Amino acid sequence: MTKQRIGVLVMSYGTPESLDQVEAYYTHIRRGNPPSPEQLKELTDRYDAIVGGFFPLRENTNKQVQALEQMLNERHPDKTFVCYQGLKHASPFIEDGVEQMVKDGIEQAVGVVLAPHYSIMSVGGYIKRAQEKAEELGGLDIKFVKSYHLHPKLIEALSKRVTETLQRFAGTPKEEVRVIFTAHSLPEKIVEMRDPYPEQLLATSKAIAEQTGVTNWQFGWQSAGQTAMPWLGPDILDVLHTITKEEQVKNVLICPIGFVSDHLEVLYDLDIEAQQVAKELGIHLERTPSLNTDPLYMETLSDVVYEHCNGK
Ligand code: FEC
């Protein structure tokens with residue numbers, strides 16, 4: 001009997017492959033509007049500060065996709081899982097991934113995004129593009145994982161990181177370290193749209209705090225865009241200033257729960273920019289390591305994909 005083949009469209013943000021691709025990448029993020037020379041220089045400088053000749057998100061996504069495929073096939077030998085990448089802002093784009101599945105004769109598929117929290121502006125956008133391409137081509141039954149922000153293995157993986165990284169504050173009682181959970185900010189208008197994103201992020205934060213016994217915590221936004229419209233705040237950099245001034249906090253642990261991989265928003269926005277502000281304020285700042293291919297994260301993805309391919 002031939003095994004059932006399931007296509008898995010693994011969607012991720014995408015990154016350029018070299019500094020000379022940054023302009024095309026940025027133009028895609030800006031929906032076809034090229035950035036001004038100043039904007040381009042600002043972004044290229046940020047990549048230049050972290051990359052040293054290679055773009056970590058690309059390699060990390062490749063490794064996550066390979067590890068997920070391997071885990072799905074090992075855990076469910078009655079089926080054959082074939083993973084396809086679909087990137088939001090770089091090649092292979094989401095539409096390319098869907099097209100390849102159809103070309104390969106896949107009839108049943110599951111789509112999952114390498115981001116645990118749902119927003120109409122983030123995960124919703126990935127799903128819409130994949131769905132539209134699948135409808136255009138026909139013949140592909142594709143179901144989507146919308147979020148997995150409270151999956152017990154995800155909470156366990158993040159909790160382990162919080163507990164382990166707290167050890168870096170040797171001699172400081174746990175209650176004196178402010179744990180700040182962060183995620184990418186989005187335009188404030190999502191609140192009027194009753195978007196679940198802020199609520200899901202708070203739920204993840206609370207679950208980790210409960211599992212680790214951390215009581216001194218708060219949530220902060222990061223990486224907001226520079227546009228005329230207001231973005232969700234408070235921004236992590238403002239939070240660092242406020243807690244120093246108003247509460248004399250001296251020890252901070254940032255846990256970026258909205259991201260699952262080492263990339264620009266973690267390696268620059270937190271490790272360079274926030275670290276610089278912390279230094280100026282006399283704060284000892286640490287960050288939890290990214291999930292990357294942590295087996296617990298891979299198990300989380302494997303569980304949610306499998307549930308969806310069984311029609312749940
Ligand atoms: O390492 C890399 O090369 C890529 C890092 C990267 C990740 C990422 C994840 C998210 N973003 C989200 C929302 C927005 C919105 C805008 C926006 C713009 C940028 C720019 C860069 C960038 N994002 Fe990103 N994001 C990453 C990188 N992002 C570079 C352009 C310059 C800048 O604003 O800094 C505004 C444009 C728009 O309206 O589309 C909104 C969200 C996530 C987390 C979920 C996910 O991974 O999809 C939400 C990684």
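Helices and strands here are DSSP runs, with at least four residues needed for a helix and at least two for a strand, and they are numbered from the N terminus. The model described below is a predicted one. With those labels in hand, a walk through the structure can start at the iron.

What does the protein offer to the iron atom of the ligand as a donor? There is a single protein donor, the OH of Tyr13, and it sits 2.3 Å from the iron. As for where Tyr13 belongs in the fold, it is part of the loop that leads from strand E1 (4-12) to helix H1 (22-29). Tyr13 also turns up in the UniProt record, where an unreviewed entry gives the annotation "binding site" to Tyr13, Arg30, Arg46, Tyr47 and Tyr126. These annotated residues span 114 residues of sequence and are spread out in space too, with C-alpha atoms up to 25.2 Å apart.

One of the annotated residues, Arg30, is placed in the loop between H1 and H2. Next comes Arg31, which also has its place in the loop between H1 and H2. The backbone of Arg31 has something to show: its phi is near 50°, a positive value in a residue that is not glycine.

The two helices on either side of that loop pack against each other. H1 and helix H2 (residues 37-51) meet at an angle of about 115°, and their axes lie 10 Å apart. The hand of this crossing is right-handed. On the H1 side, the contact is made by Val22, Glu23, Tyr25 and Tyr26, while H2 brings in Gln39, Leu40, Leu43, Thr44 and Tyr47. Sorted by class, the contact has six nonpolar residues, two polar ones and one charged one. Tyr47 thus appears in this contact as well as in the "binding site" annotation from UniProt.

Now to the sheets. E1 belongs to an open sheet of four strands, ordered E2-E1-E3-E4 and paired in parallel. The edges are taken by strand E2 (79-87) and strand E4 (141-144), each of which pairs on one side only. On average, and ignoring direction, neighbouring strands of this sheet are turned by 25° against each other. E1 and strand E3 (residues 108-113) run parallel and are joined by six bridges; in E3, Ala109 is the residue that stands opposite Gly7. Helix H12 (residues 295-309) lies across E1, E2, E3 and E4, and runs at about 145° to E3. After E2, the loop to helix H4 (94-103) holds Pro92, and the peptide bond from Ser91 to Pro92 is cis, with omega near -5°.

Another open sheet is built from four strands in the order E6-E5-E7-E8, again with parallel pairing. Strand E6 (217-222) and strand E8 (284-287) are at its edges with a single partner strand each, so each of them has one side without a neighbour in the sheet. Here the average turn between neighbouring strands is 30°, direction ignored. Strand E7 (residues 251-255) pairs with E8 in the parallel sense over four bridges, and Asn251 stands opposite His284 in E8. Helix H9 (residues 236-247) packs on this sheet and touches strand E5 (178-184), E6 and E7, with its direction at about 160° to that of E5. Helix H11 (residues 269-281) lies across E5, E6, E7 and E8, running at about 170° to E8.

A cis peptide bond is found in this part of the chain as well, where Gly233 is joined to Pro234 with omega at about 10°. Pro234 is in the loop between E6 and H9.

How far apart in space are His184 and Glu265, which UniProt lists for "binding site" in an unreviewed entry? Despite being spread over 82 residues of sequence, they cluster in space, with a largest C-alpha distance of 8.2 Å. His184 is located in strand E5, a strand that H9 touches and that H11 lies across.

Technical notes: Residues are numbered from 1 along each chain as its sequence is written. This is a predicted model: local features need pLDDT of at least 70, side-chain atom pairs count only at pLDDT 80 or more; totals for chains, interfaces and linings use all residues. Side-chain values use heavy atoms; hydrogens and water are left out. Donors are N, O and S atoms within 2.8 Å of the metal (3.2 Å for Na, K and Ca); water is not among the atoms, so sites may look incomplete. Axes are lines fitted to C-alpha atoms, for helices over the stretch in contact, and angles run from 0 to 180 degrees between N-to-C directions. A crossing is left-handed if the near helix is turned anticlockwise from the far one by less than a right angle, and right-handed if clockwise. Contact means heavy atoms within 4.5 Å. Ala, Val, Leu, Ile, Met, Phe, Trp, Tyr, Cys and Pro count as nonpolar, Asp, Glu, Lys and Arg as charged, and the others, Gly among them, as polar. Two strands pair if DSSP finds at least two bridges between them. UniProt positions are given in the numbering used here, feature names are shortened, and annotations may be inferred rather than shown by experiment.
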